[in-house]
Structure formats: structure tokens, C-alpha cells
Amino acid sequence: MKKQQKVAHGRAKKSLGQHFLVDPHAIATIVSAVPRGATVVEIGPGRGAITDHLRARAGALVVIEKDDQLAAHWARQAEEDPRLQVAHGDVMERLEPVVAAHRPQWIVGNLPYNISGPLTALLVARNLEGGMVLMYQREVAERIAAEPGSGRLCGGISVISRYCWNIDTLLTLPADAFDPPPKVESAVLRFTPNGTCFDQRTFLALQRCVRTGFAHRRKTVANNFRGLCNDAIWQQCAIDPTLRPERLTMAQWMRLASTLPPA
Ligand code: SAM
């Protein structure tokens, strides 16, 4: 690995969710979840807490960074390291083209918490050969990792995240694992393929279905799907329509999504 320059960077920017990871055990756990030699995309390298170790481990590393000053730092590093590439910009726009161009096996990131929900909806809508290791605010991680049907924590994001992923929690972290410390605890989730062959139409149908199904989470599914589902559909899908959406299993969501007419 080429010599790594220290990042010249001023105060952490709240607007970019900059809470830099300083806990060595957390850094080692995240990095070692990625196999040596893999092609990796890192979202938000920041000052390099994870990046510097990933550079030594990955076969190729592409970092996506929105902060101008940090992106410029990584661009300078990339000039001296052919295995490192930089995409400067908003991950919400850059993710698709970066994934299409580099075909990563793994995606890693201590995610900016302000966009972690919509970003996860983008991330789970693909199949990677390897997987993803992502840091979230703890409550968000618990919702994403909740098993469909398991109750209160389960929401639309839990269902779409399980379409083609197994999810396990690698770490939970206190606020002082970061500088500056956030006001919340954090957790790291590992996503690994569950063997489902990703199909865009099926995924979009599932996404539409859970949006409707969780529109009012305290209502029954009969109410949320009023006008869209009749008794025959509930029977065909083997779903009790008096249940709340948080009680439907993954198999039931899949059956319902494939039974509803396309939008
Ligand atoms: N990976 C570093 C670490 O663990 O110390 C930094 C993590 S910090 C929580 C989030 C990083 O994402 C910051 O570097 C921030 O500038 C970057 N970021 C924030 N919003 C972004 C966006 N929309 N697109 C790309 N990067 C973003």
C-alpha cells in the first residue's frame, strides 16, 4: 500500500452526519467482515477510519464521498493508488452508476444517519455476490433487522430488506465510539445473500405492497388494502385480514405482492 497522507479537514459537518468512528474494535470488526481481495464500495469514507484498513484488504476500493474537502483528499490518494477510485457526490445519485461500473462484491459504510432510510431502500434493491456491512443509528438497525411478522419493530423496510438478504447484527456501539459523539447509540448490520435470485419486477411489487400495507401501521391489513383486496385474495394468500401489517410473515408478503394487480 502507498503511503497514506493525513486528512486535512476542519470541523465535522453536522449536515453531512459526520461522526467519525474511533473505536478500534469496531473498525477491525467491520473490516474483517469483508473477504481479502474483494471489490468494495465504501459509502462516506470521511477521514478514513475504515477506508485506510479496507485499502490494505480489498482488491479494489471505490469510495463515494459528498464532502468536497474529503473527496479531494481521497482523489489525491487515488492518484498514487491504482486500486483506489473516488466518486465525488451524493451517494443517492452516485450509487447506481458506481455499482454498474465497478460491480462490487461488497458495500461498506458508516452511513450518514440523515439519509440511512432512503439509502437502505436503494441498497437492498440489488443482489451482491458478497454482501454489505453498514452502520446505523441503533433504532433504525433494529427496525431493518426485525423479522417480518415479529411485531412492533417490523416495518416496510424490514420486509423489503429481507427480499434477498439475511441480516445479522455484528455490533452495537455507544456514542463515545465516535468523534464527535452522536446523541444516539449505533449498530452494525451485516447483509448476506439469502439465495433469492433478484428480480426487479418482484422487488418493485413487494415495495409497492408494503407501502400500502404499512400506510397505517395500527390498522389491520383489511383496512390498509381496502378496495384492493377481497376475501378471495386473503384466502388465496392464506392471510388473516384482521392482522396488523407487523404480523404478516415474509411468505405472506410475497404471496400478497404477487397477487395484487400491477400499479
Ligand atoms: N467512514 C467514516 C468513519 O467511519 O469515520 C465517516 C462516517 S460519517 C458517519 C459519514 C460520511 O458520509 C462522512 O464522510 C460524510 O461526509 C459522508 N456523507 C454524508 N452524506 C453523504 C452523501 N449524501 N453522499 C455521500 N457521502 C455522504
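This passage looks at the two domains of a predicted model and then at helix α8 and its packing against α11.

The protein is divided into two parts, with domain 1 covering residues 14–193 and domain 2 covering residues 200–259. Taken over C-alpha atoms, the centres of domain 1 and domain 2 lie 30 Å apart. The two domains do touch: 15 residues of domain 1 are in contact with 14 residues of domain 2.

Helix α8 runs over residues 200–213. Its 14 residues, at 1.5 Å a residue, should span 20 Å, and the end C-alpha atoms are indeed 20 Å apart, so the expected and modelled lengths agree. Several residues of α8 are buried, namely Phe203, Ala205, Leu206, Gln207, Cys209, Val210 and Gly213. The cover over these buried residues includes α5 (116–123), α7 (156–161), α9 (221–224) and α11 (250–259).

Of these neighbours, α11 can be followed in some detail. The axes of α8 and α11 come within 9 Å of each other and cross at roughly 105°. Because an angle from 65 to 115 degrees counts as roughly perpendicular, α8 is placed roughly perpendicular to α11. On the α8 side, the contact is made by Thr202, Ala205, Leu206, Cys209, Val210 and Gly213; on the α11 side, Met250, Trp253, Met254, Leu256 and Ala257 take part. Sorted by class, the residues of this contact are nine nonpolar and two polar, with no charged residues.

Key:
Residues are numbered from 1 along each chain as its sequence is written. This is a predicted model: local features need pLDDT of at least 70, side-chain atom pairs count only at pLDDT 80 or more; totals for chains, interfaces and linings use all residues. Side-chain values use heavy atoms; hydrogens and water are left out. Helices (H or I, at least four residues) and strands (E, at least two) are DSSP runs, numbered from the N terminus. The expected span of a helix is 1.5 Å times one less than its number of residues. Buried means under 20% relative accessible area, exposed over 50%, partly exposed in between (1.4 Å probe, protein chains only). Contact means heavy atoms within 4.5 Å. Axes are lines fitted to C-alpha atoms, for helices over the stretch in contact, and angles run from 0 to 180 degrees between N-to-C directions. Angles under 35 degrees count as roughly parallel, over 145 as roughly antiparallel, 65 to 115 as roughly perpendicular and the rest as oblique. Ala, Val, Leu, Ile, Met, Phe, Trp, Tyr, Cys and Pro count as nonpolar, Asp, Glu, Lys and Arg as charged, and the others, Gly among them, as polar. Domain bounds come from an automatic or database domain assignment.
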